Amino acid sequence: MSAPAPPSSGARQDPAFVDEPTVEARDVSVWFGQKVALSELSCSFGAGVTGLLGPNGAGKTTLMRALCGMLPVNQGQVLVTGRDPRRDRSVHRHLAIVPEDEAVPRGLTPRQLCEYVADLHRVDDRRVVDWALDTVEMSPAADRSMDGFSKGMRQRAKVAAALVKNPLVLVLDEPLNGADPVQRHHLISLFTRLGAEGRTVIVSSHVLNEVEAMAERVIVIVRGRLAAAGGHRAIRDAMDDVPRQVLVRSTGARRLAAALVGHEAVGGVRVDGDDLVVSTTRAIDLAVALPRAARDLGVRLTEVRPLDDSLESLFRELVR
Amino acid sequence: MTATGTLPAWRPFAAVVRYTLRATMPGRRWIGVLVPCVAAVLFGLLARSEGGVPDQAFAEMAGVALFGLVMPVTCLVVGDAVLGAEVRAGTFSFTWLSPVPTWQIALGRWVGGTTIAAGCLGVAFAASALVAGAADQVPSVVVAAVTGAAAYVAVFIAIGCVARRAAAWSLAFVFLVERLLGAALDGIAQLSPSWLARQVHVDLADVPVDLLRDGVPQGTGAVVRLAAISAVLLVLASRRLAHLRLSGSAD
């Protein structure tokens, strides 16, 4: 099954692609029965940290599994260092994934898991096991069974097992889930450092702030499609431009609506009983204008909340 | 940072075997193995309590209860644990995402699973023969248990490679294909670990020939047949492993 190659590097202005890719997805489609998980998705990843951002169910995990060869693609092609990870098992020498699943092998300690991975990869220098455990600050618990570990500790143990391989490509599926703030900071520093060493680090998250903290480049996936790509500032700007709806409950919804109409931060108003729904693309300006108008009118605000301020709704707007 | 690829080539295979022995059998699985093994001993007591010639009574009981029930159930628990359960749990990716050839993974899992199943069944069946008063049948029942367990584990590993609901398919294989169809059709019985193990035991134990089933290999021929079944299924499993869909526990 052949797929069209991405644009040549000379003409490559598309932020979804990098000049020297180690991992490429070319028109990749994956479906499970009737459900389309990925649809004609093309992008590439190179040295450094790339964030994979999208709401839950967007297809991030499916893409990561496809990139690692764990799932076959129904259409298109995945290449890791120029080879198909489904057909060429030697690719796995350079590739590691930290899956989102909480599951870890039963009864094993982090050290035993790392030693197992080291044996599979025929790693000669066993000091690397200690180094990997130290790197994720797992040494104090290295000889305890993982059965009783929290999700965050399991994630760190899996990161250690991935590091034992000394991978060129490291795929991390929601690696910060369950981590406490200190560990979160530590892991973000680690991933940033691994990217700076020239490794291809792909990190998924549905939290933009997390991705911003570690990735200069972000790829946004929504409903299995590429929604946006580029620097996190560009993604943030795109999200800021997305129109949002704010519910305002007050003692004078109609008077407040009349005062807000025409304000430059307000795109539209709708009054429904005591509820006032304001559309805006400039939420911060609205946050200043609204209480000012209420004060001037002598209206008491009882509730102000965004109706669709979830990340999911922002992502949906991005792909409209 | 790391020197890879410098250890001997057998090291990954040994690691897979060690991992299989250590990590694929949690406590509940051991209960699922030990309960049938205890039942095997109880079946031995039952055979003794029936009176008559102990050798004859044990051989008849072994054919129905030990090889027809205890062995498939025990091997199903072990065979599903060493691959199918790991695929479902999402932990098989630690093994699969490595440059180790799939034939080494399949073989390593089979060696580990067979060691557990054959070890438990061998001891349980020997104890069953002893309490039944058929000490002469201990060697034959152990040989039959080991060869039958090896074939069964290969069957369940192969099922784990091709079916997502491996445990359900394995049960269907045992109770529908082997028990129902195998009882009626010689062609099925010739490929059934349960029937072949029974033939190994009865022939090697030198008990009355009316317990042997015509049209199904006996004695050494049955051992060879069981070995061939194991080999073919391991080849199939190693080919299927390369094309496995590892979608994780949440899917």
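## Polar contact at T102(B)

A polar contact is a pair of N or O atoms within 3.5 Å; within protein, one must be able to donate a hydrogen and the other to accept it, and residues adjacent in sequence count only if both atoms are side-chain atoms. In this predicted model, local features need pLDDT of at least 70, side-chain atom pairs count only at pLDDT 80 or more, and totals for chains, interfaces and linings use all residues. Residues are numbered from 1 along each chain as its sequence is written, chains are lettered from A and ligands numbered from 1 in the order in which they are written, and side-chain values use heavy atoms, with hydrogens and water left out.

A polar atom of the T102(B) side chain lies 2.8 Å from the backbone oxygen of S238(B).

## Surroundings of T102(B)

T102(B) belongs to helix α5 of chain B, residues 102–131. T102(B) counts as buried because its relative accessibility is 12%, buried meaning under 20% relative accessible area (1.4 Å probe, protein chains only).

Apart from neighbours within four places in sequence, T102(B) is in contact (heavy atoms within 4.5 Å) with R89(A), S238(B), L241(B) and A242(B).

## Strand β3 of chain A

Strand β3(A) covers residues 48–53, and six of its six residues are buried. On one side these are G48(A), T50(A) and L52(A); on the other, V49(A), G51(A) and L53(A).

β3(A) runs parallel to strand β7(A) (residues 200–205), with six bridges between them; T50(A) has I202(A) as its bridge partner there. Four bridges join β3(A) to β8(A) (residues 217–222), also parallel, and L52(A) is partnered with I219(A).

Technical notes. Helices (H or I, at least four residues) and strands (E, at least two) are DSSP runs, numbered from the N terminus. Buried means under 20% relative accessible area, exposed over 50%, partly exposed in between (1.4 Å probe, protein chains only). Two strands pair if DSSP finds at least two bridges between them.
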